[in-house]
Amino acid sequence: MTATPARWAQPRTEAEISAAISDAAAAGLRVRALGSGHSFTPAAATDGLALDLSGWTGIVAADTRTGLVTVRSGTTLRALNAALDGLGLAMANLGDIDAQTIAGALSTGTHGTGARLGGLATQAEAFGLVLADGSPVTCSASERPELFAAARVGLGALGVISTVTLRCVPAFTLAADERPVPVQEVIEQFDSLAAANDHFEFYWFPYGRNALVKRNNRVAHGGNKAAREEAGSGPMPGWRRFWEFEVMENAGFGALCRLGRAAPRFIPSLNRFSSAALSSRTYTDTSHRVFVTPRRVRFVESEYAVPRESLGDVLAELRRAVPRLADPVMFPVEVRVAAADDIWLSTAHGRDTAYVAIHQYTGLPYRAYFDAFESIVAQVAGRPHWGKMHTLDAERLHALYPCFGDFRRVRAEVDPEARFGNAYLDRVLGESLPSDDDPARPRTGRDGPPVIRLAASASGRRERSGACRSLAR
Ligand SMILES: Cc1cc2nc3c(=O)[nH]c(=O)nc-3n(C[C@H](O)[C@H](O)[C@H](O)COP(=O)(O)OP(=O)(O)OC[C@H]3O[C@@H](n4cnc5c(N)ncnc54)[C@H](O)[C@@H]3O)c2cc1C
């Protein structure tokens with residue numbers, strides 16, 4: 001995927017971000033902020049101004065007592081994790097890689113796994129944003145709460161995130177337990193496995209019998225050496241990390257993939273071989289060194305969030321569909337979980353969620369596989385990851401998100417000319433901004449504009465009120 005921006009800017013201060021946006025507006029250009037370019041959708045693509053934030057990085061403020069850390073938006077998760085290490089803090093949950101910028105990861109609803117935890121956006125407490133007119137604003141649950149509710153998973157549609165305030169947790173150690181288990185057994189025990197482990201996920205090679213089950217559990221007493229020893233094992237020695245991750249999972253698997261691409265008829269056998277070769281390992285390490293592993297083999301990916309209770313049906317359909325495909329599938333399916341949240345465009349909005357991610361090795365045909373997958377998840381109101389391949393448009397997405405109309409309304413208020421639009425947003429949010437006859441648009445007029453408050457409840461969870469709640473099913 002390539003894009004040719006008319007203009008490129010690399011701001012190093014918030015004032016430079018504002019000036020670049022104002023100059024682009026004066027020239028009639030649309031604007032997109034760039035993250036690390038790790039989305040599989042053209043979410044960041046623009047033919048207008050590309051704002052490269054790789055020079056706008058680092059921690060601005062940190063309070064180790066509350067765990068609140070404010071970070072510049074171009075900071076990569078890798079740099080953030082290292083800086084948090086130094087403060088004795090950590091992100092409560094992370095995805096599989098750390099190459100993304102914090103703003104890019106939040107903007108597309110990036111998530112890890114954990115039945116009692118939400119995606120990365122649930123860890124965001126406040127944003128500094130630069131709006132379409134170049135003005136800097138801040139938002140949080142108590143300040144411009146609607147803008148905050150939209151910006152937590154904002155698709156880059158509301159403004160350029162300049163800073164993010166995250167609620168971090170004290171550094172912790174994870175004990176990792178990875179082992180092959182027959183996939184049928186994993187599916188049958190899915191609920192209890194998800195409930196019994198802090199971070200549970202599995203990979204399944206579509207023609208293989210075994211899934212690789214990953215259970216990562218928090219070791220009490222923080223992320224120090226004593227805690228690791230208490231858990232009974234330590235970090236993998238450097239040589240073993242290199243062997244397991246670089247040689248086996250990347251170089252070895254990459255070689256099998258290249259073989260499969262050269263001779264696709266062997267793919268099911270290669271896939272079964274990969275499944276049979278899965279082995280067990282246990283180790284403990286600082287949380288982000290367990291969450292994150294190197295991914296060097298290139299692939300394409302689609303991922304849908306489905307209601308947790310529908311996972312068994314979705315996987316049963318997928319297992320029936322894969323052998324019927326004309327083009328075989330080389331890459332595994334990944335299954336993860338997340339708790340329901342209240343973020344307007346979060347894929348886990350309002351429902352405990354299972355994530356099903358399908359992949360294909362780069363250069364192999366994938367369209368029929370991805371289409372079959374989309375038709376399966378459509379039956380259970382699956383919601384696509386905003387940064388991974390999907391074909392849904394605004395009309396379909398509107399039906400899947402109770403607060404979709406509210407998001408569009410807030411966008412129309414802060415960016416009436418869709419300055420931050422691009423072709424991807426035109427598709428997923430709709431080309432025109434909401435009009436009075438938008439059924440999802442809350443009534444204004446005599447009763448005044450709708451108010452959506454995000455009030456802290458006794459449990460500390462934020463609850464929606466007003467227009468968005470009235471639309472919730
Ligand atoms: C190998 C690999 C592994 C992955 N693993 C996971 C995973 O485990 N879990 C998961 O959920 N996803 C995963 N993803 C998807 C990835 O997390 C998302 O696509 C994420 O958005 C990429 O972040 P980025 O910094 O590359 O953002 P980009 O792809 O560059 O941009 C994403 C969006 O964010 C916007 N944006 C970026 N910066 C700003 C800003 N400052 N202000 C406003 N908008 C901004 C862009 O305009 C664009 O719309 C993976 C992707 C890859 C390639």
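Select strand E5 (residues 68–72) and strand E9 (residues 160–167) in this predicted model. The two strands run antiparallel and are joined by five bridges. To look at a single pairing, pick Arg72: the bridge partner of Arg72 in E9 is Thr163.

Now widen the selection to the whole sheet. E5 and E9 belong to an open sheet of five strands, with the order E4-E5-E9-E7-E8 and antiparallel pairing. Go to the two ends of that order: strand E4 (59–63) and E8 are the edge strands, and each of them pairs on one side only. From one strand to the next, the twist averages 15°. Strands of a sheet pair through backbone hydrogen bonds, either parallel or antiparallel.

Next, add helix H2 (residues 77–87). Helix H2 lies across E4, E5 and E9. Its direction makes an angle of about 35° with E4.

Keep E9 on display and show the ligand. Which elements each supply at least two residues of the shell around the ligand? They are strand E2 (31–34), helix H3 (102–107) and E9. H3 gives the largest share of the shell, four residues.

Select the surroundings of the ligand as a whole: 35 residues surround the ligand, and the closest are Arg32, Ala33, His38, Ser39 and Thr108. Three of the polar atom pairs can be visited in turn.

- Arg32: a polar side-chain atom of this residue lies 2.8 Å from an oxygen atom of the ligand.
- His38: here a polar backbone atom is 2.7 Å from an oxygen atom of the ligand.
- Thr108: a polar side-chain atom lies 2.7 Å from an oxygen atom of the ligand.

Then switch to a surface view of the ligand. Taken alone, the ligand exposes 970 Å², and the protein buries 96% of that.

The last stops are two loop residues with an unusual backbone angle. Most residues other than glycine have a negative phi. Select Arg144, in the loop between strand E8 (136–140) and helix H4 (145–151). The phi of Arg144 is positive, near 45°. Is Arg144 buried, partly exposed or exposed? Arg144 counts as partly exposed because its relative accessibility is 44%, which falls between the limits of 20% and 50%.

Finish at Ala381, in the loop between helix H12 (367–378) and strand E18 (383–384). Ala381 also has a positive phi, near 55°. With a relative accessible area of 32%, Ala381 is partly exposed.

Terms used. Residues are numbered from 1 along each chain as its sequence is written. This is a predicted model: local features need pLDDT of at least 70, side-chain atom pairs count only at pLDDT 80 or more; totals for chains, interfaces and linings use all residues. Side-chain values use heavy atoms; hydrogens and water are left out. Buried means under 20% relative accessible area, exposed over 50%, partly exposed in between (1.4 Å probe, protein chains only). Two strands pair if DSSP finds at least two bridges between them. Axes are lines fitted to C-alpha atoms, for helices over the stretch in contact, and angles run from 0 to 180 degrees between N-to-C directions. Contact means heavy atoms within 4.5 Å. A residue is near a molecule or strand if one of its heavy atoms lies within 4 Å of it. A polar contact is a pair of N or O atoms within 3.5 Å; within protein, one must be able to donate a hydrogen and the other to accept it, and residues adjacent in sequence count only if both atoms are side-chain atoms. Accessible areas come from the Shrake-Rupley method with a 1.4 Å probe; for residues, only the protein chains shown count as cover.
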